[in-house]
Amino acid sequence: MNAVVSRAEAAARNEPDALPIERQPWEARSLTSTFLSALVWVMAVIAAIPLFSVLYMLAVKGGSRLSWEALTSLPPAGFEMGGGFGNAIVGTIAMVGIAAGISVPVGILCAVFLSELGPESRTANAVRFAAKTLTGFPSILAGVFAYAMVVLLTGHYSAPAGGLALAVLMVPTVILTAEEAMRMVPKIMKDAAYGIGCTRTQVVLKVVLPTAMPGVLTGVMLAVARAAGETAPLLFTALFSSYWLYHEGEWAFGQPTASLAVLIFNFSGMPFENQIELAWAASLILVLLVLVVNLTSRFIAHRRV
Amino acid sequence: MSSAPAAELQGGSVSGPPSPFDYFFDRAFRGLAYAGAASILLLLALILYEIGGKALPGIREHGVALLVSSNWDVKAGEFGILPAIWGTLYSSLLALIIGGAFGVAMAIFLTQDFLPPRLAQVFRTIVELLAAIPSVVYGLWGIFVVIPVIRPVADWLHDKLAVIPFFSTSLAGPGMLPAAMVLAIMVLPTVAAVSQDALRLVPYKVKEAAYGLGTTRWEAILKVLLPAARNGIFGALVLGFGRALGETMALAMLVGNSNQVTLSLFAPANTLAALLALNFPEAGPKEIPVLMYAALVLLAITLLVNIAGSAIMVLAGRQGGAR
Amino acid sequence: MQIKNFAIAAACFAFALTAQAQDKIRLVGSGASFPAPIYLAWFKEISKTGVTIDYQSKGSGAGVQDLINKTVDFAASDSAMTDEQIAKVPGGVVLLPMTAGEVVISYNLPGVKRLNLPRDVYPQIFLGKITKWNDPKIVAANKGETMPDLPITVVRRADSSGTTFVFTNHLSAINEEFKKGPGEGNTVNWPKSDKFIASPKNDGVTATIRQTKGAVGYIEYAFAKFSKMDVAYVQNKAGNYVAPGTEGGAAALANAKFPPDMRLWLSDPTGDKSYPIATYTWMLFYKKYDDPKKAAAIKKMIEFGLGEGQKMADKMGYLPMPAPVAADVRKAAGSIN
């Protein structure tokens, strides 16, 4: 700053060769800034390369097999040609739906508690640590847990068991991001609401949640994306099925259910070209499915605000 | 608030005390929130009970020896998860450093006007999408793309610089480095997405004030914006690290599943989650308690790392002075 | 969360009850991945007759666990069941071999058209004792080829697997050192060496072998055939080098005689033309099914497997069962009700 001050004084005295007081690009600080900008560009490009590589591989290998048949028919066996994974799409939507139905309300309610109702209490700290510890919970154990809780009790694999396992994986992400989002709501807004006589619930429902919605949605989207792609938990809870969820006249929620993740796991490990192609196509559909959910939820959130 | 519109119509004030229904609703909702929080504690307790219960025979039989032995011999009944613990920490740390650094950089890149807003939004969505790619696909991408690409580099490094312990073995295929790299790619979208939210939540006035004082763009970012978003970014890193610790399928395909403790980036290794995934399906009654014991160790590691991280944040907060 | 769990469990019960009230039969099975392709093909055919069968491959051991826990109607295993496991199933089990296959030794040696592996060489390779492809013992057996000066990289299964059991069972039978060392099992203690790497499942091992020059590993025959991998000619008990395939496999199966509990391992088949590493794979059933309709469906499934199903075997890379064995299996299946 001294250099700036002395330049300012020099300029004020109208000295003929005084440097202007604006920052010059060759100054150390400006150079550092330019250098860092270049660095972040380079890092962004480097990070983008593998990201695009994965997407490219998905698009090329999966896109070549996308067709109406692939989306609507049942999985092929061994040497069969054709076939598809329609039942897996339905199964994934059903199970992720169940999982979201459990984890989103529970997660948001818990986050409300953590950020509004008892931020510094011992219970809150305990809950926070529990949530953080659960972020590292291996997906296979979520499956084992749901197996013990549901499958052993009911005696068979089922879609709700799968949904429960996925919910266990989703909940920590939802809680942590929602709590963070709610904490960042400016205190002024909350104080104003209290000032006009709102109860705490009203403050939460009408001020905090709507304002924190983008952050909460990010957490929910990340959780949904992860749940849609998890294989190991489903192997222990929903197994797999080569038939539709609505099968021979009834909804088979209490039976093994197909899912895109398990289908990809099964088919990618088979030596048959047909199956391998379908596995790639299924991966692409999975990503597109999450994209659709992502865009829809953003759209709804924008309209609300 | 239900009385507010009526009051407005009468020309009265907008504010007023809550109605009895409002009180009841408030109580009910708060009760639900407490229930939500309690359910998480219950969930963790249930999980610990389930897994701990199954692990007890293993703990009784092997005790601390399990944690320091490198031998995994099912027939002889000797088990050791030291290489798995080492591998978990090594791979997750590498993934966090790489994925975290690039994730935060990506977040800065996408929120600080380096790109036109529309383009930035498109990239933001693409990055979030990457969180949806199934682990199996990342594993396959690792096998078919990453390993062949790293191989020449790894061979060169091993030839010339084998003295450095990180390069002391040659890359035979699956190994620590391919696994860590793919893990970093898996962690990146989470870190980037949550960091972006944290950065965007910093009020614009804060940045304006910094510019008003004459900071360069990067001085504003590094000295004002990042510290303000510190909590959110730290939360992002916690989520990313958790993801790395618990990642199962992709690592099972890429880490090489070999029980050795080594610093070499190119040697095959093992992680706790991969160990569980690969052995659990076929585990017999002698193995299951050991595997559950390993699961408890993993949970303990996650807990310890989080405690350490929080401690660091608190220290950094104290040093940084008032926010 | 517990209330939610019970609510979900209750809902499941409700659905389960409605499911069983229907006339259509639905069976669930899980287990070995080795025979999964052919089983799935069978079940697809059977579904045309109104019996729906779901099967998920998650490993022989996992299937046996499911059977013990009563969460499936049948299981499949490459290593049958141990006495311990059989004892755990209340009411007893019936083990029926349903098809058979071979385990091949695949390699990546550009320029080598045919690889002969003598009986005393390949166990040594998998013990880590022979470490280079131009080892004198290997060269001596392959006079017509130039063996490259490459280190041998052994690719083994990372996950616990019935295929590993079959392979190590054979190696233990022909080599004392291997028996005392790694031994046999779904997972064994492979030598600790940088040159031993692990990949999960057959496709993982196949991909790794493909990408690594000088790699050698063991995979299922069906996999090697359809992925067009190079496979070694293995020296059998009679001293001949045999390639895997229908002929070698059939010869190996021909000489086997099953004991009454239907558990038999072909650790080291006799016969001039036998391929030495072959195995049956079993389906595991409860001795008694509560629902007579289920029992009938199970019997239908077995009949199909033994009849029509065997015709599909060769095309898909499996070995058709010799007729006397099929007859034995039919007899044993009679005890299921």
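In the predicted model, helix H5 of chain A passes helix H7 of chain A in a left-handed crossing. H5(A) spans residues 122-135 and H7(A) spans residues 159-183. The axes of the two helices come within 8 Å and cross at roughly 130 degrees. Since angles of 65 to 115 degrees count as roughly perpendicular and those over 145 as roughly antiparallel, H5(A) is therefore oblique to H7(A).

On the H5(A) side, the contact is made by Arg128(A), Ala131(A), Lys132(A), Leu134(A) and Thr135(A). These meet Pro172(A), Ile175(A), Leu176(A), Glu179(A) and Arg183(A) of H7(A). By class, the residues of the contact of H5(A) with H7(A) comprise five nonpolar, one polar and four charged.

A second pair of helices brings together the two chains A and B. Helix H2 of chain A, residues 28-63, and helix H6 of chain B, residues 135-161, have axes that come within 11 Å and cross at roughly 100 degrees. H2(A) and H6(B) are therefore roughly perpendicular to each other. From H2(A), the residues in contact are Pro50(A), Ser53(A), Val54(A), Met57(A) and Leu58(A). Their partners in H6(B) are Val137(B), Tyr138(B), Trp141(B) and Val145(B). This contact has eight nonpolar residues and one polar residue, with no charged residues, whereas four charged residues belong to the contact of H5(A) with H7(A).

Internal space was examined over the whole structure, and the search finds nine cavities of 30 Å³ or more. The second largest cavity holds about 160 Å³ of space. Its lining consists of 14 residues. Those nearest the centre of the cavity are Thr173(A), Arg226(A), Thr190(B), Leu239(B) and Arg243(B). Two or more residues of the lining come from each of H5, H7 and helix H9 (200-228) of chain A, and from helix H10 (230-246) of chain B. The helices H5(A) and H7(A), which cross at roughly 130 degrees, are thus among the elements that line the second largest cavity. Classed by residue type, the lining of this cavity has eight nonpolar, four polar and two charged residues.

Technical notes:
Residues are numbered from 1 along each chain as its sequence is written. Chains are lettered from A and ligands numbered from 1 in the order in which they are written. This is a predicted model: local features need pLDDT of at least 70, side-chain atom pairs count only at pLDDT 80 or more; totals for chains, interfaces and linings use all residues. Side-chain values use heavy atoms; hydrogens and water are left out. Axes are lines fitted to C-alpha atoms, for helices over the stretch in contact, and angles run from 0 to 180 degrees between N-to-C directions. Helices (H or I, at least four residues) and strands (E, at least two) are DSSP runs, numbered from the N terminus. Angles under 35 degrees count as roughly parallel, over 145 as roughly antiparallel, 65 to 115 as roughly perpendicular and the rest as oblique. A crossing is left-handed if the near helix is turned anticlockwise from the far one by less than a right angle, and right-handed if clockwise. Contact means heavy atoms within 4.5 Å. Ala, Val, Leu, Ile, Met, Phe, Trp, Tyr, Cys and Pro count as nonpolar, Asp, Glu, Lys and Arg as charged, and the others, Gly among them, as polar. On a 1 Å grid over the protein atoms alone, a cavity is a set of points where a 1.4 Å probe fits but cannot get out, and a pocket is an open set with protein on both sides within 12 Å along at least five of seven lines; lining residues have an atom within 4 Å of a point. Grid points are joined across faces, edges and corners, and a volume is the space filled by probe spheres set on the points.
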